[in-house]
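Work through these exercises with the structure open beside you. Try each task before you read its solution.

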Amino acid sequence: MGRKKDEAAGGGATAGAGKSSKSSKDAAPKKERLSVSAFLSNIDKPKSEKPAPGSKAKPKTAPKATSAYTDVDLPPSDEEEEEVEGAGTEEEQIAKVGRRHAKTAQPSALDVSVSEREAKKKEKKEQMMAVAQEAARQEALKDDGNAFSVVIGARTAAMDGEDGHDANMKDIKIDSFSVSARGKELLKNTALTIVHGRRYGLVGPNGKGKSTLLKLLAWRQIPVPKNIDVLLVEQEVVGDDRTALMAVVSANEELMKLREQAAKLQELSLTEDKEDDAEGEDASEKLTEIYESLQAMDSDAAEARASKILAGLGFTTAMQGRSTKSFSGGWRMRISLARALFVQPTLLLLDEPTNHLDLRAVIWLEEYLMRWKKTLIVVSHDRDFLNSVSTDIIHLHDEKLHFYKGNFGAFEEMYEQKRRENNKKFEIYEKQLKAAKRSGSKAQQDKVKDRAKMAAGKEAKSKGKSKAAADSDEVAVDAPHRWSDYEVKFHFPEPTELTPPLLQLMDVGFSYPGRDDFSLQNIDVGVDMGTRVAIVGPNGAGKSTLLNLLAGDLQPSEGQSRQSQKLRVGRYSQHFVDLLQMDETPVQYLLRLYPEQEGPSKQEAVRAKLGKFGLPSHNHLTPIVKLSGGQKSRVVFTSISMARPHILLLDEPTNHLDMQSIDALADALDEFTGGVVLVSHDSRLISRVCEDEERSEIWVVEDGTVSKFPGSFEEYKLDLIKEIVAEVEE
């Protein structure tokens with residue numbers, strides 16, 4: 001039973017209250033390595049361990065108030081930020097947890113003889129391993145511009161600034177270019193046309209080069225006219241003593257420079273000798289010019305505009321006045337997004353901007369960007385967001401960029417038609433090639449291939465490809481091939497039936513030690529087999545806290561929390577992704593948690609499960625540290641599935657997943673007969689999960705309470721949109 005509990009915790013699943021007693025022999029400490037994820041998930045649960053006979057129990061140090069609240073969505077206070085900054089990297093935290101476990105564990109009589117020197121040696125070895133793991137992680141995540149190779153096949157003279165047109169150009173047009181990363185080809189002989197004032201949604205499977213394309217545009221490795229200022233939002237703002245509001249306003253460097261010059265001239269005019277009239281007049285004239293420039297930039301309204309943007313992204317007035325260093329990474333990412341919206345660059349590049357936002361902030365951003373007058377390219381997995389924001393779609397498919405007019409819904413229809421037409425041509429070509437092969441004539445086979453390539457070349461020219469690109473030797477026209485769409489299928493096994501109630505919170509109240517600004521009161525909710533719940537509300541209101549209360553990771557300050565004895569809960573959140581063992585491969589990690597696998601080969605059984613969740617086969621034996629965020633998420637989902645849960649508690653499960661995977665997740669949740677509780681900013685996923693209104697509930701977490709919305713999710717969203725539109729149009 002103890003092993004099952006570790007497995008569940010390590011894979012993002014926790015077992016119910018049923019626990020079997022162990023003999024004193026089993027209770028003796030073992031020398032094998034403790035699962036960090038299992039330890040972290042149980043670190044704050046009370047333990048009733050007795051010291052071994054003949055040994056003295058070491059006094060346990062009081063745990064920090066924040067130790068149980070790793071996955072809380074509440075923004076940290078100024079005092080907590082000091083602890084956040086000192087937390088170090090993930091591996092350093094793991095090492096600290098291991099050391100804390102070593103200090104608090106009760107030694108048995110057998111371990112009394114272990115020397116202090118040996119313990120220190122072991123601790124030093126763990127620290128060195130943690131440092132090595134962190135170095136490998138940083139190397140894997142390093143953004144090296146030199147790792148990318150860009151080959152431009154054809155471009156205009158204005159692109160090089162060889163004539164006067166460059167000063168007025170706001171469009172980007174490259175007839176042919178190729179991109180490779182560390183020898184892997186991402187784009188091959190493709191064209192790029194970005195028209196000023198259009199809003200492009202860049203879509204395609206994960207790992208094919210979407211984010212790389214944005215970076216290369218921002219780094220100008222893909223040529224961009226010199227007069228176009230480009231801004232890519234990808235990193236959180238640096239935490240310092242500036243307030244969130246000032247961090248946004250200061251993004252306009254020209255505005256800040258003019259304000260600084262005006263302040264210096266004003267100070268100079270007050271301290272200058274009155275007799276020096278000439279210098280005074282010069283300073284006065286210069287000050288007048290600066291004031292005119294500031295007026296043209298609408299300087300007086302800068303703070304009000306910045307405040308409006310921050311408010312739309314979820315910052316209260318009090319939060320806007322707090323220092324940036326007091327915010328968590330997710331909130332600092334919002335500040336970076338606010339800075340970009342405030343500056344209004346000619347070309348704005350957004351890579352998954354909704355990942356750190358709640359549902360209300362996502363809808364606000366949709367409404368704001370729908371009014372964006374300049375050029376926008378956005379990578380997003382959110383269908384509703386792309387349908388609202390995009391005027392055009394760029395589809396990265398088969399190492400080419402394909403352009404479609406309209407939003408994502410229009411693109412899906414056109415793409416499906418194009419796919420059917422292409423595959424029909426391929427079937428004809430395949431039939432002709434097979435007939436040529438049966439004849440045994442190589443000349444006949446070459447003739448079929450050349451005729452197919454010629455037809456493809458004529459079609460490419462008829463679609464408006466420039467003469468420079470069409471005549472280039474580098475542009476090779478391929479024979480027809482089948483468009484094999486990327487497919488993935490998630491699956492959660494059928495859970496065993498349990499008698500309700502499975503999960504209950506009755507008149508529960510909760511507050512964090514030392515946090516007088518946050519509490520949840522009068523919570524009265526429950527989850528059973530077949531229940532579908534969407535938890536909505538602003539970030540920081542307590543959605544993740546409510547999930548932790550349901551899971552039993554947090555204990556109520558008042559009221560009762562009940563779980564069925566045999567209940568297995570599947571947990572997904574970024575916290576569980578971060579707890580993956582970075583030095584293990586996905587196969588090693590899952591075999592350690594679930595060693596009993598059916599079939600002749602345990603490794604192949606695990607690899608088959610990873611494949612179903614969309615992890616490419618070549619990543620099955622790759623160290624987890626080198627996997628992308630989406631690939632790590634798939635490992636956690638596989639682990640949850642193998643735990644065979646009765647209830648799924650999902651906190652922002654779509655982060656890092658592509659659209660095909662989100663659709664697969666929605667299908668799996670629809671087939672799952674257990675209970676589902678979902679926190680998500682993806683309104684389409686919520687709509688899918690809560691499609692059946694009879695068994696669905698919308699829990700609104702706001703102002704310290706949890707209430708049930710009297711209607712469907714679509715009605716809740718419509719009310720939210722009306723409220724936000726009124727704010728944006730003020």
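A nonpolar core is a set of buried Ala, Val, Leu, Ile, Met, Phe, Trp, Tyr and Cys residues joined through side-chain atoms within 4.5 Å. Buried means under 20% relative accessible area, with a 1.4 Å probe and protein chains only. The model is predicted: local features need pLDDT of at least 70, side-chain atom pairs count only at pLDDT 80 or more, and totals for chains, interfaces and linings use all residues. Residues are numbered from 1 along each chain as its sequence is written, and side-chain values use heavy atoms, leaving out hydrogens and water.

**Exercise 1.** Find the largest nonpolar core and its residues with the most contacts.

*Solution.* Step 1: the largest core has 106 residues. Step 2: Leu 341, Trp 364, Leu 369, Phe 490, Phe 492 and Phe 637 have the most contacts inside it. Step 3: a second, separate core has 31 residues, including Leu 520 and Met 529.

**Exercise 2.** List some contacts (heavy atoms within 4.5 Å) of Phe 492, leaving aside neighbours within four places in sequence.

*Solution.* Phe 492 touches, among others, Phe 613, Phe 637, Ile 640 and Phe 672.

**Exercise 3.** Trace the open sheet of 6 strands.

*Solution.* Step 1: strands are DSSP runs of E, at least two residues, numbered from the N terminus. Two of them pair if DSSP finds at least two bridges between them. Step 2: the order is 6-7-8-5-9-10, with mixed pairing. Step 3: the edges are strand 6 (230-233) and strand 10 (400-405). Step 4: strand 6 pairs with strand 7 (residues 347-351) in the parallel sense, over 4 bridges. Val 230 stands opposite Leu 347 there.

Methods. Buried means under 20% relative accessible area, exposed over 50%, partly exposed in between (1.4 Å probe, protein chains only).
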